[in-house]
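Here are my notes for you on where the nonpolar and aromatic side chains sit. Please keep the structure open while you read the numbered points.

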Amino acid sequence: MADLKILVLVKQTFTTEARIQLDAQGKIVDKGIKYVISPYDEYAVEKAIQMQEAGGGIVRILTVGSDKTLETMRIALAMGAAEAVRVWDPCLETADSQITAQVIAAAMKKVPFDLVLAGKAAVDDQSYEVPARVAGLLGLPLVNAITSLSVSGTTAKVERETDAGKETIEVPLPAVLTAEKGLAEPRYPTLPNIMKAKKKPVQVYGLGDIGLSAAALKPAVQVLGLSTPAPRKGAAIIGGSPQEAVKELVRRLKEEAKVL
Amino acid sequence: MTPGEFPANMVFLVCFVVAIALFLRTLQKLYLYVRLGQDEKRFDNMPERIKGVLLFVLGQKRVIQETAGVGHFFIFWCFIFLSIGYMESFAQGAVGMENFSYEKIMGFVLGESLSASLYGLFLLVQEILSVVVVAALLISLHRRYIVKPLRLKIDDPHARMDATIIICLILSLLVMLFFMHGLEIAGGRSKHLSAWMPVGNIIAGMFASHKNPEGLYSIVWWLHTGVLLGFMVYIPHSKHMHLLGAVPNIFFRWLGKKGYLPPVNLEDESAEKFGVSEMQEFTWKDILDTYACTECGRCQVNCPAFLTGKPLSPFRMIHRMKLHILERGDVLVQKKAGKEIPEDHPALKSALIGDVIEKEAIEDCTTCRACMEVCPELIEHLPKIVGMRRYQVLTAGEISSEAGLAFRNMENASNPWGIDASSRGDWVSEAGVEVPLISEKPDAEYLYYVGCAGAFDPRYKKVSGAVARALTEGGVSFAILGPEEGCCGDSARRLGNEYLYSALAQQNIETLKNYNVKKVIVSCPHGYNTFKCDYPQLGGEFEVYHHSEILKDLIAKGKLKPQKADVGGKVVYHDSCYLGRYHEIYDAPRDVVKAASNGELVEMERTGPRSFCCGAGGGRMWLEENRGDKKIYMERSDQALKTGAKTIVTACPFCMTMFEDGVKEHKRQEDVKVLDIAELVSPAKKKDTGAE
């Protein structure tokens, strides 16, 4: 489809290597942290751009985030997206998946689309919820964790890996599809494209612009507190002959770990 | 037709003028092709440039570094002496034998007998040199056709044929010279000089009873002149183009730091292209380089990629670049002059990257600099390779997934492994000594820049600890940046990612300037080179030391008294490319080894300036080595093991990784240890220093 309008939902996250630390108030410290496009979202961006390159069409990026997200939006633009839309209001700082989905769904009324792509989950909170909630709010079909995608006419043909094998699904457009690793290998943007990305349009909307108000946004989840997992204890190597070692292992699993 | 008499002199003059005209026309073309290249200033420091010409051209300094080059030394000087004679011969061809000779002219000033002796001496030198050169040429034919050394291997049959034609042409000129000498004596014209021409005399004997030696002389003279003029026309189309390229190329050679890479203008936001994918995007000197290539192949037999069977050969690369610019030069010159040239013009068909030099070959280079170290013409291979890598990475986006991962890791975590940047200072907990942060000790004399390997590689963290302990014991005032330290950017830059390098470098320079750092100790030779050669381009001027230099100094001053570490027998030191060839630090690490070990220090066959790369330079540390018939690190560890050493000492984290892998793959990790020089010196934790 030559004029396919692809909208990719993108979230900015910490790098996967980042060591998450909490301050005295139990809040995440972001000092010295590098931000990236959430890797699954990046697969979606890459796939969209490959489709844009293969058959024309246009790729837009939509994110919910403060102006700190501009840096990662530029990466998606440098990869080849045509334009970006960012929605922000300070009250969204603590937004849960429901609120984020509501904001995205409202913003999508302003952005034309035939196909919505997103990562299957953001690597920070791993909630897997936003694309599904967006689909729900807009009454669009949803396929999660796809590894292959092709569009002909107004139908998308997708594949997804399941425990039972590969599933092939045909879904009418417009639809929301979320990316699994393997959908596309993200490119490393070239320098001329990085330069061009600096000049590509980034549309910024406040809540009012998309017909929402802070008061109308009700969270579905309330965060009570954050804590980091206890550091892993060192492993133990049990010596002796295999027979002895197995006996000792079983004893420890029974008496110390109490799992048997 | 007796040379010099009418109408022979007219025939000669016409031939001469035509030959000169053809020669000059080619020369002009070659000049215009060079001018297609980008601007670069190479006119500074004239005395040094002239000195270089004397040393490398007249002295043939690099040529005679190997035995086969001695033959060339004589060919070169023989050619100089013969050329002086050729000018006399040409003059005689124009005005007649009787009317012009050096002997006569000198006679006016010096008197007849002195002039005859001087001229005779000149002839004697010519004959002696010619005899030596005939022998040298026969040896070189023997080399080319019987011995077939790897050095001369090239996949271009035309180049092989070319070399043979040249050798035969020179041989024929020498043989004809002897005949001319002989016939001159036989004809009586040079009888008084016969004592100066031993070979000529023998030939004169052969023609003693000949009726018309002068007539024979005329025939040989014409033949000789024909070959000579033909040679002149042929030179700029052959491997002998180096006769024209050598002097300017050596004159305009790079005089700056050996680690130099040309900067890229990253500020230009309208640029559609970065790096080099066409000949004219190189500098003019890069194009001149290709003319100077003698096709000797010294580069390739010192190239770790070529020697392990990979697609890269520096010789082949330069040779093919020359053919490429000769093929398209005319069209490019027309295009530059504003003429419309269709995109699909046949001369513009082949692409520099892909057709002339394979993408794989560009990736294979470890930037070890061995090619540049041996090139008798001082050709600069590395900036070309990095220029093409820049195009591949920055413009074409052709990045292997391994390189892409390393880039992302450097971007996100400021180290190629992608380990959390905030843990950069964690190695100090294992150092066994207090290591202050510069924020705690802002008046420290030195900043110890640990580098990514020193901070994150489990094996090399031990070396950082050893360095820290040695510095502390030696009373050196130093501090580290800890989490504020960033990747130096060497791998990014040498893999062609100038954009990423520039971001990393600027961050480090800014941090160091904020702490008002003046002196830096670097453990990784790659970081050392980056601080020394790359950062000044971005305004980062520091006094930079490698830990080997500091340790050597501490030992020499008695501040550090290492015990003689037990190295289990012989010990061999491996020169890291970026410490040795790039910065000529050969002795300091060896001095440290000698002072701090009880073993006999032995050398590998390839050592010092001829050291063989471990395979990890130029960003190759982060790439798989899939091509070729042998891994470079296996080849180098082979070479090290052959010395019988029980301990291999390095001064570079990449070399250490490669040797540890190599020793392990050779199943020798039980009896051969790989250590850094710092670990020999630092006695406190010697137990920990074994290979892991």
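1. In this predicted model, the largest nonpolar core holds 140 residues, and the members that touch the most others are A:Val8, A:Ile61, A:Leu115, A:Leu149 and A:Leu177. Leaving aside residues up to four places away in sequence, A:Val8 is in contact with A:Asp41, A:Ala44, A:Val45, A:Ala48, A:Val59, A:Arg60, A:Ile61, A:Leu62 and A:Leu117. A second core, separate from this one, has 59 residues, among them B:Leu30, B:Cys303, B:Ile362 and B:Met388. In soluble globular proteins, nonpolar side chains tend to be buried together.

2. Nonpolar residues also appear on the surface, where B:Ile105, B:Phe108, B:Val109, B:Leu110, B:Leu114, B:Leu118 and B:Leu121 form a patch with about 700 Å² of accessible area together. Two elements of chain B, helix H4 (102-110) and helix H5 (112-147), each give two or more residues to this patch, and H4(B) gives the most, with four. B:Leu121 belongs to helix H5 of chain B, and its relative accessible area of 40% makes this residue partly exposed.

3. Over all chains, the whole structure contains 29 aromatic pairs. In one of them, the ring centres of B:Phe43 and B:Phe252 are 5.1 Å apart and the planes stand at 70 degrees, so the pair is edge-to-face. Because B:Phe43 lies in the loop between helix H1 (8-34) and helix H2 (46-58) of chain B, and B:Phe252 in the loop between helix H9 (242-251) and helix H10 (284-292) of chain B, the pair ties together parts that are 209 residues apart in sequence.

4. Is each partner of that pair buried or exposed? B:Phe43 is exposed, with a relative accessible area of 54%, whereas B:Phe252, at 14%, counts as buried.

5. Finally, ring pairs join B:Phe12, B:Phe16, B:Phe90, B:Trp221 and B:Trp222 into a cluster.

Key:
Residues are numbered from 1 along each chain as its sequence is written. Chains are lettered from A and ligands numbered from 1 in the order in which they are written. This is a predicted model: local features need pLDDT of at least 70, side-chain atom pairs count only at pLDDT 80 or more; totals for chains, interfaces and linings use all residues. Side-chain values use heavy atoms; hydrogens and water are left out. A nonpolar core is a set of buried Ala, Val, Leu, Ile, Met, Phe, Trp, Tyr and Cys residues joined through side-chain atoms within 4.5 Å. Buried means under 20% relative accessible area, exposed over 50%, partly exposed in between (1.4 Å probe, protein chains only). Contact means heavy atoms within 4.5 Å. Patches are made of residues with over 30% relative accessible area and no salt bridge: like charges are joined within 9 Å, nonpolar side chains (Val, Leu, Ile, Met, Phe, Trp, Tyr) within 5 Å. Accessible areas come from the Shrake-Rupley method with a 1.4 Å probe; for residues, only the protein chains shown count as cover. A salt bridge is a side-chain nitrogen of Lys or Arg within 4 Å of a carboxyl oxygen of Asp or Glu. Rings of Phe, Tyr and Trp (its six-membered ring) pair if their centres lie within 6.5 Å; planes under 30 degrees apart count as stacked, over 60 as edge-to-face and the rest as tilted.
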